[in-house]
Amino acid sequence: MNLSPCECGNSQSNFHPNLEFSTCLACKVKAEKDLEHFRIWGQQKLSTLIKKSQNVPGRSYDVLLPIRGDGEDYFTLRYLLEENLSVLVLFVNNYFYNDIGWHNIHNLITEFDVDSITFNPRFETYRDLVADSLNRSHDIYVPYKCLHFLYAHRIAFERKIPLIIWGQCQPLEYDGKFSPYDTLKFSRWWFHQHEHNSGALGLDIVESPSSLIDREIYRYPCNVNPHWFVGGYFLSNFMIWDQFKNTNEAFNYGMVSDYHPNSCNPAENCGSDVYYDMHAALRHLKKIQPKSNVQKSQAYRFGHEILHETYESYNLKPFFTKFLGSTESGYDWFVDRHLPELKSKLISGRREPNIGSFQKNPSSHFLKYYKGI
Ligand SMILES: [Zn+2]
């Protein structure tokens, strides 16, 4: 089979790896979204959802916004506030943050002066689930995704918040997995089908050997589905979504970035001790193209010039020794067994910042809790 790269540089679809294309699906989505017809459709759809939410009597807020603390959150929160919506921000601690990540989260909340909830799941259970997910699915993000998406529904139901909004729908914007005219509603079905790179959720929380005392918070609250709930949606579904531009505006609000050579967008997933290291290495293991590739293709679509070159390098040991609590020999075993081809790309210690005063090296890693400002 001759796969011809699209002019954006995309040579592979994560969701249709055998698809032959001259124009990739993400570029087709971009072209459709550029049309006036889509702009009107998106505005009307979003406006309808907002009106529905604001018509719910007794609601505590119009919108719940689950955040990670990177540039996308700054854009999404600003947008929602400019629509005159009352917003509750939900931050779930995934225990992967460094001091820069904590700064960005606290800075977001204070800069926009919004109400917020911080949830710290029981660490021992969470760590067990991450280890279990790594063993079963070569994925460390499944437990966090359960919280970022499913726990958000629990909070929305408990607090009577009719609408949940996330920022970018990555399968749509990076891969063109759906039509831009699909109204992508987050659901239990969505979670199992689309929030795992292999296409189906590999971790069954119910069967997990981890402590069961707080397993409920990782599951979709299926016993409670209030009639007033409008749903969970992605903002990018309803508008042209220039991720590079949207995320980088956060630097105007005091966001800071660390430097990752595996990324060409300093405002995306910054402040994390695992995203461009352990998570990126596992993408490699699962033969999913590097995030920097999809970032570059997306930046090309929107006419952005990438200012610095990326190169593969991974600092994996801290995840094993500081987060999982394994020995160095445990780390060596995992690398020998699962990631031997990355050995020449493993690094340790600090990296040098690349460009701009908004980038700096983190001084503390895997901070469970931290006063970020
Ligand atoms: Zn393309």
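**Exercise 1. Confidence**

What pLDDT does the protein chain average?

*Solution.* The model is predicted: local features need pLDDT of at least 70, side-chain atom pairs count only at pLDDT 80 or more, and totals for chains, interfaces and linings use all residues. Residues are numbered from 1 along each chain as its sequence is written. Start with the average pLDDT (the predictor's confidence in each residue, from 0 to 100): it is 89 for the protein chain, and 89% of the residues score at least 70. Next, turn to residues 197–202, where the pLDDT is below 50. Beyond near neighbours in sequence, this stretch has 15 contacts in the model, a contact being two residues whose C-beta atoms, placed from the backbone, lie within 7 Å. Where pLDDT is low, the predicted coordinates should not be read in detail.

**Exercise 2. The sheet**

Find the order of the six strands in the open sheet, then explain which strands stand at the edges.

*Solution.* Begin with the elements: the protein chain has 13 helices and six strands. These are DSSP runs numbered from the N terminus, with helices (H or I) of at least four residues and strands (E) of at least two. The sheet order is β3-β2-β1-β4-β6-β5, with mixed pairing; two strands pair if DSSP finds at least two bridges between them. Now look at the ends: β3 (115–119) and β5 (185–186) each have a single partner strand, so one side of each is left without a neighbour in the sheet. Moving inward from β3, five bridges join it to β2 (residues 87–92), and the two run parallel. In this pair, Leu88 stands opposite Asp115 of β3.

Then add the helices. Helix α3 (residues 71–82) packs on the sheet, touching β1 (63–67), β2 and β4 (163–166), and its direction makes about 170° with that of β1. Axes are lines fitted to C-alpha atoms, for helices over the stretch in contact, and angles run from 0 to 180 degrees between N-to-C directions. Helix α6 (residues 142–159) lies across β1, β2, β3, β4, β5 and β6 (231–234), at about 140° to β2.

**Exercise 3. The core**

How many residues does the largest nonpolar core have, and which helix gives the most to it?

*Solution.* First, fix the term buried: 20 or more other C-beta atoms within 10 Å of a residue's own, with exposed meaning 12 or fewer and partly exposed in between. A nonpolar core joins buried Ala, Val, Leu, Ile, Met, Phe, Trp, Tyr and Cys residues through C-beta atoms within 7 Å. The largest has 80 residues, and those with the most contacts inside it include Val63, Val89 and Ile165. Helix α6 gives the most to this core, with nine residues. Now zoom in on Val89: leaving aside neighbours within four places in sequence, its contacts include Leu65, Leu77 and Ile109.

**Exercise 4. One face of a helix**

Why do the buried residues of α12 line one face of the helix?

*Solution.* List them: in α12 (residues 317–324) they are Phe319, Phe320 and Phe323. Seen down the helix axis, they fall within an arc of 110°, so they line one face; the arc is that of the directions from the axis to the C-beta atoms. What covers them includes α5 (123–137), α10 (275–285) and α13 (328–338). Just after α12, Gly325 takes a positive phi of about 80°.

**Exercise 5. Two lysines**

Is Lys287 buried or exposed?

*Solution.* Lys287 is exposed, with 9 other C-beta atoms within 10 Å. Its phi is near 60°, a positive value in a residue other than glycine. For Lys160, which is partly exposed, phi is positive at about 55°.
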